[in-house]
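Welcome! Take a moment to turn the model around on your screen before reading on. We will walk through it piece by piece.

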Amino acid sequence: LQEGLYCIGCGALMQVKDKEEAGYLPMSALQKQLESEQLLCQRCFRLRHYNEIQPVSLTDDDFIKLLHQVSEAKALIVYVLDLFDFSGSTIPGLPRFVGTDNPIYVVGNKVDLLPKSLKDHKIKDWVRGQLKEQGIKPVDVDLTSAAHPANLDMILEKIDDLRAGRDVYVVGTTNVGKSTLINQIIKSKTGVQELITTSRFPGTTLDQIAIPLDDGHSLIDTPGIIKADQYAHQVSDKDLKYVLPKNEIKARTYQLNDEQTIFIGGLARFDLVSGLKDSKTSATFYFENNLNLHRTKMVGADDFYEKHQGGLLAPVPKNTEAGLVGHEFRTKTTADLVFAGLGFITIPAGVTVKAYAPAAVSVFLRKAMI
Ligand code: GDP
């Protein structure tokens, strides 16, 4: 590739090597474009012609630059979170960068995955509580399901109201459904013709989509930040369906004796080390509905996993060699034991449990959501 060719859509340096990175274009298309003198990377080309957005990955360094940019702007921040993978979708350091002047409006996405019986206001209170622990006080919280957003108009009106003449930055980690939401906004707000891509960060790969608003300001879609502790990075593409559920999660409750184990497919393991004294211990599992739960005894569970991984206990993480790492917890209140990006188990106060997952995956206790 000749040096120094830039995409007129996003400003990214054109390259023919890496499909996932900014500025990518297949060699054949490059030849054609050079003839027509209209250089667009594949992402911008598709955006112009098919109104489709492709995610671009972002390194931590890029992300820090992006946050600095946001902190210097006068803007409303729309913070998109995944309600089913809440911790995995939070952006560390966001409040520090956003500053005190830029309000944060939280859109909790994938509400369709939570039990329908759960009231919206309860979810919103829980979201506020979780964010408070991270020093974030949003101006407002709304819930949606980006795939079928019944309340998109309300959210757009809210954005217009809250931005009070400022730009809007939409931020979120990968897999929260930000592209899905942005595509819905584009559909509702503009025609393809009006859609522009701009680069506010010359010399970096931070290309972004700017959707023009009525008063000359823009709604800016920022690239999704990748969080390595999400379970999605641990499974092969064909198994992604187990970590990105499509339908309402059905709660599965087990009455467990001490020293019983539940395998979550071959992806994770839960041990009840010591449960309630006077009764069995109830544990409610929230995982993708097709992910099999298998009960066995703690004694021998290691051998059982060794023998049945990939068979009875499937799917398994991409890197089976590394095995699962155990973390022990004792609950003080009713709590969710979270396997970041895979699901969670609600357990009562006063029990000791051990949770196993691949080393890179975060496992922790939080205030019960449901
Ligand atoms: P991005 O990386 O944040 O841009 O996320 P995408 O828009 O690519 O979505 C990531 C995954 O979540 C895809 O598999 C989507 O189909 C799925 N998804 C997006 N929005 C929703 C939603 O509202 N509900 C459910 N169940 N899945 C969603």
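From which domains does the shell around the ligand draw at least three residues each? Domain 2 (60–221) and domain 3 (233–367) each supply at least three residues to that shell.

## Before we start

This is a predicted model, in which local features need pLDDT of at least 70 and side-chain atom pairs count only at pLDDT 80 or more, while totals for chains, interfaces and linings use all residues. Residues are numbered from 1 along each chain as its sequence is written.

The chain is split into domain 1 (1–42), domain 2 (60–221) and domain 3 (233–367), with bounds that come from an automatic or database domain assignment. Between the C-alpha centres of domain 1 and domain 3 there are 45 Å.

## Around the ligand

Let us return to the ligand. It is surrounded by 20 residues, where a residue counts as near a molecule or strand if its C-beta atom, placed from the backbone, lies within 6 Å of it. The closest are S145, G177, K178, S179 and T180. Sorted by class, the shell holds seven nonpolar, nine polar and four charged residues. Here Ala, Val, Leu, Ile, Met, Phe, Trp, Tyr, Cys and Pro count as nonpolar, Asp, Glu, Lys and Arg as charged, and the others, Gly among them, as polar.

Helix α8 (residues 178–189) gives the most to this shell, with three residues. Helices (H or I, at least four residues) and strands (E, at least two) are DSSP runs, numbered from the N terminus. Q184 sits in helix α8. Is Q184 buried or partly exposed? Q184 counts as partly exposed because it has 19 C-beta neighbours inside 10 Å. The rule is that a residue is buried if 20 or more other C-beta atoms lie within 10 Å of its own, exposed if 12 or fewer, and partly exposed in between, with C-beta atoms placed from the backbone. Q184 and A146 are 38 residues apart in sequence, yet their C-alpha atoms are 7.5 Å apart in space.

## Strand β2 and its partners

Now find strand β2 (residues 104–109), where six of six residues are buried. On one side you will see I104, V106 and G108, and on the other Y105, V107 and N109; both faces are covered.

Which strands pair with β2? Strand β1 (residues 75–82) runs parallel to β2 and is joined to it by six bridges; two strands pair if DSSP finds at least two bridges between them. Across this pairing, Y79 stands opposite V106. Strand β3 (residues 140–143) also pairs with β2 in the parallel sense, over four bridges, and here G108 stands opposite L143. To get from β2 to β3, the chain passes through helix α6 (residues 120–133) in a right-handed β-α-β crossover. Right-handed means that, with the strands pointing away from the viewer, the path from the first strand over the helix to the second runs clockwise.

The loop between β2 and α6 holds K110. Phi of K110 is near 65°, a positive value in a residue other than glycine. K110 is buried, because 25 other C-beta atoms lie within 10 Å.

## Two open sheets

One open sheet has five strands in the order β8-β11-β15-β14-β17, with antiparallel pairing. β8 (252–256) and β17 (363–367) are at the edges and have a single partner strand each, so one side of each is left without a neighbour in the sheet. On average, neighbouring strands of this sheet are turned by 25° against each other, direction ignored; the axes are lines fitted to C-alpha atoms, for helices over the stretch in contact, and angles run from 0 to 180 degrees between N-to-C directions. Inside the sheet, strand β11 (residues 281–287) and strand β15 (residues 343–347) are joined by four bridges, and F287 stands opposite G343.

Another open sheet of five strands follows the order β12-β9-β10-β16-β13, again with antiparallel pairing. Its edges are β12 (293–297) and β13, each with a single partner strand, so one side of each has no neighbour in the sheet. Its neighbouring strands are turned by 20° against each other on average, direction ignored. Strand β10 (residues 268–274) pairs with strand β16 (residues 352–357) over five bridges, and D271 has K354 as its bridge partner.

## Backbone details to look up

The peptide bond from A314 to P315 is cis, with omega near -5°. P315 belongs to the loop between α9 (301–308) and β13 (325–330).
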